[in-house]
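Me: I should like to go through the reasoning behind some labels given to residues and ring pairs. Please set each value against its cut-off.

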Amino acid sequence: MSVAATRPETIIELRDATREYRGHAGTVRALDSISLSVSRGEWLAIMGPSGSGKSTLVNLLGCLDRVDAGSVRIAGKDINTLSRKELDQFRAETVGFIFQQFHLIPYLSALENIMLAQYFHSMTDRKEAMAALERVGLGDRAGHLPSELSGGEQQRVCIARALINQPPVLLADEPTGNLDAANQQIVTGLLRSLNQLGHTILMVTHDPEMAQMADRIVELHHGRIVAEREASLAPHTS
Amino acid sequence: MKHERRGQGLSLPMLLRRSLLHRRSRTLAELVSLTVSAAVATALLTLYASLDLKLHHQFRAFGANIVITSQNAGQPLPPDALAIALQAAGPDSRVVPFAYAIAQMQDGSSIVVAGTDLTGARATDSWWQVSHWPENNQATPVQVLTGVRAAKALGAERFSLTYNGKSVPLQTAGTVRTGDAEDSRIYLPLDAFESWTGVTPTTLEVQAAGSTRQIQAVLERLRLALPGSNVQAVHQLVEAEANVVSRTRSLMLSSLVLILLTVAICVLATLTASVLERRRDFAVMKALGATQRHVGLLFLLEAFVLAMVGLLCGYVLGCGIAYLIGEWNFHTAIFPVWRIAPQVALLNLLVAVLAAAIPLRILRHLEPATLLRGE
Ligand SMILES: Nc1ncnc2c1ncn2[C@@H]1O[C@H](COP(=O)(O)OP(=O)(O)OP(=O)(O)O)[C@@H](O)[C@H]1O
Ligand SMILES: [Mg+2]
């Protein structure tokens, strides 16, 4: 493949990352010294049984959480050295989130939910937000509240919101977990075109078929990477 | 188009309005508890501020608090005693003279007649139950106030009494009932009494207004001005007055504190619930890049808007409650006391700040990672 010729830039690098949760019943080691690097523009699927640490990993990469040991570098920055405030800013600029439960603000319309991401990032731009909504095929639903949208439509709004600030990294924790087959198709298609536009995508999924869309699949088990392979049908070659 | 309606820009006021309107019933509950807190503070502080005045006013109804008599019991006071006492007591005090004589009825039996300033007595002894006060001092026959027992003995409205062989026609204008000696007496205007009997006042009843200390000062002045007379405070009344006022005051103050604490806890519970309810929304905002300040400001502004609206409603409501309490308990109107408005505002702010502290803590410790995890 042509990619091998020029060594691609590493956007995410995890070194011996460990994350433990201290609860009443003792300590759970959700991630156990994981090392992983992701190139810019790569689409990575994270798989593994429930409780294996997938969400914990995604949260670390999304700067929503910090490691207890080891290091996380994103776009050249060591996350551990950032203050809380710097981390907030860094997150707004670097990462877009696509949630399984969509997490749209219930009292804001589809368009306003997208503008909210602009608002916290820098300033709102109605035209740009509208364009993002049109890109996910919801140009005619701009004024609708989340409660007036179907699950698939809400997930598309969520994707448009994740994209609006042009973050280099997209994180998707089971983006199609709550969707039917038809909507899953739409969302997968959206992710693929985003990846083709150069976005780095980290996606948690339980669905092997969905995982095959990615460039690479990482399998977690008890907080460790147990398998790592190229996906069989690399979409960008087709 | 529909999206035109909702598609205006995004601003803090707009986010606030949407959030408040979206959770209508929750907003209303928060508003109610803040209104109640302001109303309680207003009502109690208004009452507290008006209390001194009202209680002293009430105590006036119990009659004189200083009595001046001659040093030899039964002897008349010096002729200028009334004028001197009026001067010394000051404009806020009332001085009512009383002169007594024993006259004969037509059947020969005795009856006590008293000469007094009927207008003064009416103001001072407002606890007397009088059917009708004599109004015309110049009328003939002389209009008198007759005790209920005396009226029974006399049998008729028009009658004459004899003193020292001098007989005068009198007419009962109204009766008085006190359950005491007054019931067997006949009261007539001092002028008419003096020209009939030639007897001058033996007692001056002084009703001094104000605090215990002010009454004490009046007492001292009267003693200096009338060295030959016996000037005495009606001690029980003066002390009781001071006691009741100070006890009522501390009672009100402690209930104010207790009630405000209770209300603060209510507001606290409501605000905490409102944050917990929306912790996912706040977590999403954090994930979208909102800083701690953004999220805190959004919540605090919401609480502030509600506190201000609650303050306004509560102030009006509280003034109304104070007015009604005054009407029912003191039979006098209590009007808004403007100078307590800042205190009410401060108290309400304190309640709101206290109540917002815990929700703010919750907000600060919100972990988007835990809240937004796919389940
Ligand atoms: N906040 C927390 N406190 C304590 N333990 C936690 C917490 N979050 C996760 N864990 C534990 O850490 C481990 C990894 O959790 P994680 O959510 O990463 O799993 P997952 O792979 O995403 O599972 P699923 O597929 O069910 O979403 C689990 O054993 C879980 O119980
Ligand atoms: Mg998970």
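Reply: The following exchange concerns a predicted model and takes up aromatic pairs first, then burial.

Me: What makes the aromatic pair of B:Phe98 and B:Tyr100 stacked?

Reply: The structure holds 6 aromatic pairs over all chains. In the pair of B:Phe98 and B:Tyr100, the ring centres are 6.3 Å apart and the planes stand at 10 degrees. Centres within 6.5 Å make a pair, and planes under 30 degrees apart count as stacked; therefore this pair is stacked.

Me: Why does B:Phe98 count as buried, and is B:Tyr100 buried or partly exposed?

Reply: Buried means under 20% relative accessible area. B:Phe98 has 2%, so B:Phe98 counts as buried. B:Tyr100 has 29%, which lies between the limits of 20% and 50%, so B:Tyr100 is partly exposed.

Me: Why is the pair of B:Trp128 and B:Tyr187 called tilted?

Reply: The planes of these two rings are at 55 degrees, with the centres 5.2 Å apart. Under 30 degrees would be stacked and over 60 edge-to-face, so the pair is tilted. The pair links distant parts of chain B, 59 residues apart: B:Trp128 lies in the loop between helix 5 and strand 4, and B:Tyr187 in strand 8. Together with B:Trp133, B:Trp128 and B:Tyr187 form one aromatic cluster.

Me: How do you know that A:Gln118 is buried?

Reply: The relative accessible area of A:Gln118 is 1%. The limit for buried is under 20%, so A:Gln118 is buried. A:Gln118 is placed in helix 3 of chain A, and the residues it touches include A:Met123, A:Glu128 and A:Ile164.

Notes. Residues are numbered from 1 along each chain as its sequence is written. Chains are lettered from A and ligands numbered from 1 in the order in which they are written. This is a predicted model: local features need pLDDT of at least 70, side-chain atom pairs count only at pLDDT 80 or more; totals for chains, interfaces and linings use all residues. Side-chain values use heavy atoms; hydrogens and water are left out. Buried means under 20% relative accessible area, exposed over 50%, partly exposed in between (1.4 Å probe, protein chains only). Helices (H or I, at least four residues) and strands (E, at least two) are DSSP runs, numbered from the N terminus. Contact means heavy atoms within 4.5 Å. Lists of a residue's contacts leave out its neighbours within four places in sequence.
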